[in-house]
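Me: I would like to learn how to read charged side chains and helices in a structure. Could you take me through some cases, one at a time?

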Amino acid sequence: MSASLSGSSSVPRWRLSVLGVVAVALFVAMFARLYDLQIVGASEFKVQAEANRVRLVQVPAPRGRILDRYGRVLVDNRIAVVVAVERNSFDNLPAAKRDEVLMRLAGELNNIGEPVTIDSLRARVYDQRFSRYAPVPVAQDVPEAFKIYLEEHADLFPSVSVQRTTLRSYPYGPLAANVVGYTGKINEAELTAFKAETAKPYALNDDIGKSGIEKSYEAHLRGTPGQRELEVDAEGDPVRVIRETPPVPGSDIVLSLDIDVQALAQQRLEQGLEAARQRAPRGDNSPNNATTGAVVVEDPNNGQLLALASYPTYDPVPLADGIDNEEWAYLNDPANHYPLNNWAIQGQWSPGSTMKLFTAYAALKSGLRAADTVFYDRGGYSIPGCSGDPHCFRSNAGGAAYGRITLPEALTVSSDAYFYEVGAQFWLQRERFGGEDAMQQYMGEWGLGADTGVPLTEERPGRLPTPQWYRNYREQQGKHEDWTAGHSVNLAIGQGDMVLTPLQLANGYATFANGGTRYQPQVVLRIEPPGRDAAPIPVDPVVVQQIDLPAEIRDPMLEGFVGVTQRGTAARAFSGFDHENWPVAGKTGTAQVDGKADTAVFAAFGPATAPQYAISVFMEESGFGGTNAAPVARALFDSLSGAAPLPEAPLGGLPTEPESGLTDGGSTYD
């Protein structure tokens, strides 16, 4: 009996022991967890709790303005109301609901004068230029009343939002549009790049510079966004502002451009191209389609650019607030000649006889020809070693024969034969003068075939062809051909494979004008950071190269260039100009293009005795340089010299008067 009682009493004790162990284990686990939560993970959980309580909102910073050299605002900021669609939210709607939203939104937008369709809205929402993770703007600058209407009827427009935003404004419309550039929404590739390259924060749906000054000086123009810390309740609604860091505006950029000179250059270029279209082609030449062109005005004394006119151009306003696919396609259609291109730095054309500046320098500097050496011009030139080809004999323009001439007269009358001989002799005597690319080495000193370094996007380098380049080029085409005297003959007068940009040509003539200092062209005078105490950051002139131009080389060349406007190939265009008090030195050029009308070219500087301005004019498919391009430069020199008032650039676009006044250059060639 006692044994059974003893056995039964041991069971409860065993059970109690087990329960005790379990209880202790549970308490140990609980205390360990509490220790982990309150001690080990306290800081992490505090951050998480704070994150649930606090929302960080980025406050956009105003973008810096862009001004001309006299402080006139070319690009500014303004507030606008934008209608946008949240793409992710939109995609989550049923297909029928998406169509319903687009139909209703299109109807309301049409009621306020925004002509859209369901299809155009859908195309806009899925436009690949916009990120799917940020609201896609579908209508800009809508009335405030429309914003209120959408907010009051939000249930009818799921995924549609309205907000105020800052947009770029352009007081002078399309004037200098190709220089200042445009802004657009950042894409994901750009966002990744900017996060790695800049300390300023970027987020999807931010505006960034896409071209021109807007892109080149993005780091300065972009402000530093502010930050607002909001305390929110359990529903996520704001309760109070905890702290706020105000945004810092971007820096203003002051350009070297004079908007009055820019406006006149654009106006005269457009009028000149229109005049060329109206002019009948000569002989069997192709019609003057006058498709594209550019004008550059540069200060030879420091490389500052006063005007960079490009045709065709565009209105930057739609690009600032988002254009549709149809408008974007128009701007990129080859049939419209690429209005977004800045033809002053991206146009690559044969320079024609304006190339003779560089050829003359090569001849004199190398000792191949002296300035007073007499050459007998019989109206053309037979290329040595060439036979059996009609192109072996090259005629002067119009077959004109100039008889006994020296270098200055060859420049004035634009004797092709004189320079054909120079090109041929450089090749035939190549071992004597420094090798097969000796002529190109002298020409390369002027920056031909290389970027000028102007701080604008997508500048093209042109091309200064060499024998090695030609061999490589032909091999890529599956042919084995070598450079010949004929190629050097072509190069000497700016034909064949030689191409350069209007800026390169203007910079070359500016270098000659100032006596041989080649500057890097500059389009910005200074950067003005925000704040009263912030000191402006000047952009100093940059000397790229010093070219040796002693008087025995420069003076006879200058004599020839001055003669061009007084009695040479540009004399008709400069008839009546004040040559005595404000002489202009220049050179006409007519570049032949297979299957198209000639490219009209003119380069000049003035006053020749103390140069203040260097100008280049290119007009594609426009005919003779003396007939078409020289009158455009003459119109500019009239105002720059003070002979005619410089019209004030009107707000909103190009001046409408005076009429072109572009005199016909007459029958002179080149």
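The dialogue below goes through salt bridges, a helix and a buried acidic residue in this predicted model.

Me: How many salt bridges does the count come to?

Reply: The general idea is that side chains of opposite charge can pair when their charged atoms come close. In this model the count comes to 27 salt bridges. One of them joins Arg 63 to Glu 218, with the closest N and O atoms 2.5 Å apart. This pair links distant parts of the chain, since Arg 63 belongs to the loop between strand E1 and strand E2 while Glu 218 belongs to helix H10, 155 residues apart.

Me: Are Arg 63 and Glu 218 buried or exposed?

Reply: Arg 63 has a relative accessible area of 9% and Glu 218 one of 4%, and because buried means under 20%, each of the two is classed as buried. The pair also belongs to a wider arrangement, in which Arg 63, Arg 168, Glu 214 and Glu 218 are linked in a network of salt bridges.

Me: Which helix holds both Arg 104 and Glu 100?

Reply: It helps to recall that an α-helix has 3.6 residues a turn, so residues three or four places apart point the same way. Arg 104 and Glu 100 are both in helix H4, four residues apart, or about one turn of the helix, and their side chains meet in a salt bridge at 3.0 Å, N to O. Arg 104, at 25% relative accessibility, counts as partly exposed, and Glu 100 is likewise partly exposed, at 33%.

Me: What should I look at in helix H11?

Reply: Consider its length, its covering and its end in turn. Helix H11 has 20 residues and reaches 29 Å from its first C-alpha to its last, which is close to the 28 Å expected at 1.5 Å a residue. H11 is mostly covered, with 15 of its 20 residues buried. At the N-terminal end of H11, Asp 258 acts as a cap, placing a side-chain oxygen 3.0 Å from the backbone nitrogen of Asp 260.

Me: Which side chain of opposite charge is nearest to Glu 620?

Reply: That side chain is Lys 596, 4.2 Å away; because a salt bridge requires the nitrogen and the carboxyl oxygen to be within 4 Å, Glu 620 is buried yet has no salt bridge. Glu 620 is found in the loop between strand E23 and helix H24, and, leaving aside residues up to four places away in sequence, the residues it touches include Trp 349, Lys 596, Asp 598 and Thr 599.

Conventions. Residues are numbered from 1 along each chain as its sequence is written. This is a predicted model: local features need pLDDT of at least 70, side-chain atom pairs count only at pLDDT 80 or more; totals for chains, interfaces and linings use all residues. Side-chain values use heavy atoms; hydrogens and water are left out. Helices (H or I, at least four residues) and strands (E, at least two) are DSSP runs, numbered from the N terminus. Buried means under 20% relative accessible area, exposed over 50%, partly exposed in between (1.4 Å probe, protein chains only). Lys and Arg count as positive and Asp and Glu as negative; His and the chain ends are not counted. Contact means heavy atoms within 4.5 Å. The expected span of a helix is 1.5 Å times one less than its number of residues. A polar contact is a pair of N or O atoms within 3.5 Å; within protein, one must be able to donate a hydrogen and the other to accept it, and residues adjacent in sequence count only if both atoms are side-chain atoms.
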